[in-house]
There are 2 protein chains.
Amino acid sequence: MDASDYITTHAEQFKEQLKDLLRIPSVSTLPAHKADVQRAADWLVEDMRRIGFRTAEAIPTAGHPIVYGEWMGAGAGAPTLLVYGHYDVQPAEMADGWLTEPFQPVERDGRIYARGAIDSKSNVMAQLKAAEAMLATGGAPVNLKLLFEGEEESNSENLSAFVAANRERLKADVVVICDGSMADREQPDMYYGLRGVVSMELEVFGPKQDLHSGHFGGTVHNPIQALAEIITRLHHPDGSVSVPGFYDDVEPLSDEERAELAKALPWIESEWRDVAAAPAQWGEPAYNLHERIGARPTLEINGIAGGFAAEGFKTVLPGRALAKISCRLVPHQTSHKIYERVRAYVMQIAPPTVRVEMRLVSIGEPLLIDRHSASVQAALRAYETVWGKRPNFTRAGGSIPVAVDLQRELGAPLVLLAFGYKGCGAHGPNEHVYLDMWYRGMATMIAFCREIAG
Amino acid sequence: MDASDYITTHAEQFKEQLKDLLRIPSVSTLPAHKADVQRAADWLVEDMRRIGFRTAEAIPTAGHPIVYGEWMGAGAGAPTLLVYGHYDVQPAEMADGWLTEPFQPVERDGRIYARGAIDSKSNVMAQLKAAEAMLATGGAPVNLKLLFEGEEESNSENLSAFVAANRERLKADVVVICDGSMADREQPDMYYGLRGVVSMELEVFGPKQDLHSGHFGGTVHNPIQALAEIITRLHHPDGSVSVPGFYDDVEPLSDEERAELAKALPWIESEWRDVAAAPAQWGEPAYNLHERIGARPTLEINGIAGGFAAEGFKTVLPGRALAKISCRLVPHQTSHKIYERVRAYVMQIAPPTVRVEMRLVSIGEPLLIDRHSASVQAALRAYETVWGKRPNFTRAGGSIPVAVDLQRELGAPLVLLAFGYKGCGAHGPNEHVYLDMWYRGMATMIAFCREIAG
């Protein structure tokens with residue numbers, strides 16, 4: 001019996017184990033669930049030990065524990081994989097619109113419904129059960145280091161420091177980030193790009209206090225209006241960002257990459273129509289929707305406030321107005337440089353009738369994985385073996401800060417593996433996972449290990 | 001003894017009576033003070049009867065009572081004055097920064113400190129005591145109708161209907177609005193213009209829901225940005241309003257009127273430096289500060305909201321954004337016409353990438369009193385007699401809706417009389433009135449009655 005057969009013969013048992021883990025409400029953002037997060041960590045450690053991991057522990061942090069296990073049975077001559085996943089989940093309550101209790105997993109129509117089903121306990125369990133299948137059938141062809149975080153949903157507060165402090169221990173030939181999902185149940189995606197994000201505040205000060213708009217209207221540059229004028233000048237009419245130097249460090253798209261990105265475009269467009277559904281598309285006309293989302297940087301106004309905007313009406317001429325702004329970054333832009341350019345430009349265009357302050361809030365660098373690297377090519381072949389289709393290369397618009405941290409600290413080639421479907425309600429009610437995709441995920445991981453071992 | 005001597009001999013007694021009225025916390029906006037407002041109304045009715053008013057009553061409304069009294073002793077051949085004032089006050093608490101209890105009047109440095117001292121019980125009492133002085137010394141040269149409102153601080157909800165239903169009863173040759181204040185303690189102002197105000201909401205809708213700015217940023221016209229673009233296009237760079245037709249109905253300023261307005265300019269500029277104190281003045285370059293505030297219409301953004309603007313940061317791409325907008329109007333602009341022009345222009349410039357809604361919130365028409373009218377000229381002479389200085393003609397930027405109502409319903413010439421000083425803290429802590437100005441106010445009213453009687 002090989003590892004793939006083992007999955008088939010143990011499918012029911014694996015499913016019951018997944019349900020066991022889903023029953024533990026490991027909500028990392030709610031202090032009341034602290035013991036549950038620990039319980040989930042202990043559950044994983046116990047399962048790691050049971051299936052043959054010599055090293056398996058729940059490592060305490062200032063927040064929730066990091067679960068770490070090693071199986072080095074492939075020997076020093078074999079490659080080593082470090083696999084990242086997370087076992088904590090978002091809060092969930094029946095009142096949010098669940099049809100069944102979020103922490104009482106229910107099987108229906110080939111899916112398991114529960115909080116964490118897609119994000120991300122099915123991924124953690126796919127890794128663990130793939131390892132079990134390999135270890136129970138002669139051993140894995142690679143050494144395995146499994147790193148499961150308990151704080152992904154609460155800003156990964158302690159992971160970055162842990163990785164930096166354990167570089168030797170976590171050392172690997174390939175780092176696998178197992179999270180996220182694909183746009184089609186039958187057509188896998190191969191994510192190779194994630195945008196960075198730098199966030200900032202822009203505050204405009206006018207009169208020294210809120211004024212009566214009758215007594216002073218027409219003599220003071222209204223801070224809301226001044227802010228609107230500044231915001232308007234941050235983009236050209238065609239949707240491109242007008243901050244000087246904003247695009248200087250953006251790596252241009254090659255024709256080859258554009259051809260790859262075009263393959264996933266129909267799914268991106270379909271999702272846009274379903275979820276965004278704005279009156280019209282918008283953005284840089286020279287780039288298609290997939291390129292705008294994944295391969296082009298943006299400047300977005302995430303919030304604005306000034307004066308009186310609640311129910312009712314006050315004829316105030318406000319003393320200040322605030323905007324929250326973030327830029328999504330692509331290689332080789334860097335957070336600090338982009339912030340400085342936005343800040344300098346805002347200061348330059350700020351009218352002399354107001355005073356302007358800019359504040360940096362947070363940074364996060366972009367990530368781009370070489371599509372032609374051996375590990376990405378191995379992943380492509382592994383997907384094709386199991387799903388019968390070559391994955392579409394995809395660049396995501398969001399950010400996975402831990403991926404950037406792992407790349408920076410460990411210096412090993414990175415691969416992003418996703419086994420679930422986008423429409424499974426991550427963070428929402430009635431979150432679920434398709435069981436067939438879950439089993440395929442295990443098989444894909446086994447195939448990937450074989451490909452890496454060569 | 002003439003009426004002016006009566007004031008002098010009764011100065012102490014009048015002051016104690018003012019304190020008695022100030023002790024009644026007639027806060028019209030707080031239901032808990034409903035009985036106090038009634039008590040203040042009854043106090044006024046009683047005083048009216050005591051000084052010789054045949055008719056004096058507290059007329060119930062759906063809200064707080066209207067105090068109305070008539071003295072028609074001058075006879076059918078004499079002119080009749082209708083005098084408007086209000087006896088309700090704003091809330092006040094020690095915690096707001098009062099040095100002494102707001103409803104326990106204290107005399108200090110020639111002033112009385114108490115809530116309502118300047119806004120507007122001293123005005124009501126100046127009218128009542130001027131009437132007392134005239135009636136006690138041979139009678140007034142004019143017939144007097146005193147109309148004291150108890151809801152001025154809570155939107156005058158019932159006054160307009162009362163006036164419309166009592167046109168015959170309130171009929172007068174001159175209507176006096178006694179409220180407001182002057183910019184200098186020694187230099188009276190003669191207000192002859194008030195701006196109207198029309199308020200509206202502008203809401204911009206983009207994607208059908210809030211989006212993740214990573215997943216969709218760069219493909220959707222951010223509603224905050226679209227709103228900023230619309231707001232930016234509502235003004236020309238020089239500060240003038242760019243809505244087509246906005247200035248069409250504005251009565252141009254004559255050289256003579258501009259010369260009059262220039263006289264009060266130093267006080268307007270001084271107040272701007274003290275209260276507004278923005279980094280620089282702003283507004284239509286062809287008009288000075290007094291003209292911009294009182295004689296020119298404006299379009300002001302009173303509030304803006306969209307996305308996440310609280311403490312912290314959320315990288316949301318919001319589904320909508322809202323602005324509250326109001327226009328201050330001058331003759332002969334009208335609320336509905338200006339709203340329609342703003343609405344039509346916003347709809348015209350709204351980009352096709354978003355959906356825009358406009359909503360009318362409230363209207364109020366502007367007021368301009370003929371400076372050359374007999375009643376205004378009479379008021380000028382009355383001020384000059386008492387203060388030794390001819391008042392500066394002043395146009396105010398704010399609005400007194402009741403003035404417009406009275407003008408429309410009664411059709412009589414209007415005069416705005418103010419006896420207090422602007423720096424007396426209306427609506428704020430440590431509100432006060434200068435006693436010398438208060439006595440001069442009574443004398444001015446007596447002189448005005450004589451001037452009107454001819």
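1. Let me start with helix H13 of chain B, residues 401–410, in this predicted model. Its buried residues are B:Pro401, B:Val402, B:Ala403, B:Asp405 and B:Leu406. What covers them? The cover includes S3, helix H5 (159–165), S7, strand S9 (189–194), strand S16 (367–368) and S18 of chain B. Just after H13(B) comes B:Gly411, with a positive phi near 65°.

2. Several of those covering strands take us to a sheet worth tracing by eye. In chain B, six strands make an open sheet with mixed pairing, in the order S1-S2-S6-S3-S7-S18. Strand S1 (55–59) and strand S18 (414–417) of chain B are at the edges; each has a single partner strand, so one side of each lacks a neighbour in the sheet. On average, neighbouring strands here are turned by 15° against each other, direction ignored.

3. Inside that sheet, have a look at the pairing of strand S3 (residues 80–86) with strand S7 (residues 174–178) of chain B. The two run parallel and are joined by four bridges. Which residue of S7(B) is the bridge partner of B:Leu81? The partner is B:Val174. A helix also belongs in this view: H3 (residues 34–51) of chain B lies across S1, strand S2 (66–71) and strand S6 (143–149) of chain B, and runs at about 175° to S1(B).

4. For strand S1, I would switch to chain A, where residues 55–59 show a clear pattern of side chains. In a regular strand the side chains alternate between the two faces of the sheet. Here A:Ala56 and A:Ala58 point to one face and are buried. A:Thr55, A:Glu57 and A:Ile59 point to the other face and are not buried. S1(A) runs antiparallel to strand S2 (residues 66–71) of chain A, with five bridges between them. Within this pair, A:Glu57 is opposite A:Tyr68 of S2(A). The connection from S1(A) to S2(A) is a hairpin of six residues.

5. Next, the domains of chain A. Domain 1 covers 3–193 + 366–453, and domain 2 covers 196–250 + 297–362. Taken over C-alpha atoms, the centres of these two domains of chain A are 40 Å apart. Their contact involves four residues of domain 1 and seven residues of domain 2 of chain A. On the domain 1 side of chain A, the touching residues are two nonpolar and two polar, with no charged residue.

6. The two chains meet through 69 residues of chain B and 69 residues of chain A. Which element supplies the largest share of the chain B side? That is strand S12 (residues 298–307) of chain B, with nine residues. By class, the side of chain B that touches chain A holds 31 nonpolar, 28 polar and ten charged residues.

7. S12 deserves a second look, this time from both chains. Strand S12 (residues 298–307) of chain A pairs with S12(B) in the antiparallel sense, over five bridges. To find the place on screen, pick A:Gly306, which is opposite B:Ile304 of S12(B).

8. How are the copies related? Chain B superposes on chain A by a rotation of 180° with 0.1 Å of shift along its axis, at an RMSD of 0.1 Å. This is the relation of a two-fold axis. The same surface serves both copies, as 100% of the contact residues of chain B recur in chain A.

9. Two peptide bonds in chain B merit a check of the backbone. The bond from B:Asp119 to B:Ser120 is cis, with omega near 10°, and B:Ser120 lies within helix H4 (residues 117–135) of chain B. Another cis peptide bond joins B:Pro331 and B:His332, with omega about 5°. B:His332 sits in the loop between strand S14 (320–329) and helix H11 (335–349) of chain B.

10. Finally, two residues of chain A other than glycine have positive phi. For A:Ser156 the value is near 45°, and the residue is in the loop between strand S6 (143–149) and helix H5 (159–165) of chain A. For A:Ala277 phi is near 50°, in the loop between helix H9 (255–276) and helix H10 (289–294) of chain A. Are they buried or partly exposed? A:Ser156 is buried, with 21 other C-beta atoms within 10 Å. A:Ala277 has 14 C-beta neighbours inside 10 Å, so A:Ala277 counts as partly exposed.

Terms used
Residues are numbered from 1 along each chain as its sequence is written. Chains are lettered from A and ligands numbered from 1 in the order in which they are written. This is a predicted model: local features need pLDDT of at least 70, side-chain atom pairs count only at pLDDT 80 or more; totals for chains, interfaces and linings use all residues. Domain bounds come from an automatic or database domain assignment. Ala, Val, Leu, Ile, Met, Phe, Trp, Tyr, Cys and Pro count as nonpolar, Asp, Glu, Lys and Arg as charged, and the others, Gly among them, as polar. Two strands pair if DSSP finds at least two bridges between them. Axes are lines fitted to C-alpha atoms, for helices over the stretch in contact, and angles run from 0 to 180 degrees between N-to-C directions. A residue is buried if 20 or more other C-beta atoms lie within 10 Å of its own, exposed if 12 or fewer, and partly exposed in between; C-beta atoms are placed from the backbone. Copies are superposed by least squares on the C-alpha atoms of residues with pLDDT of at least 70 in both.
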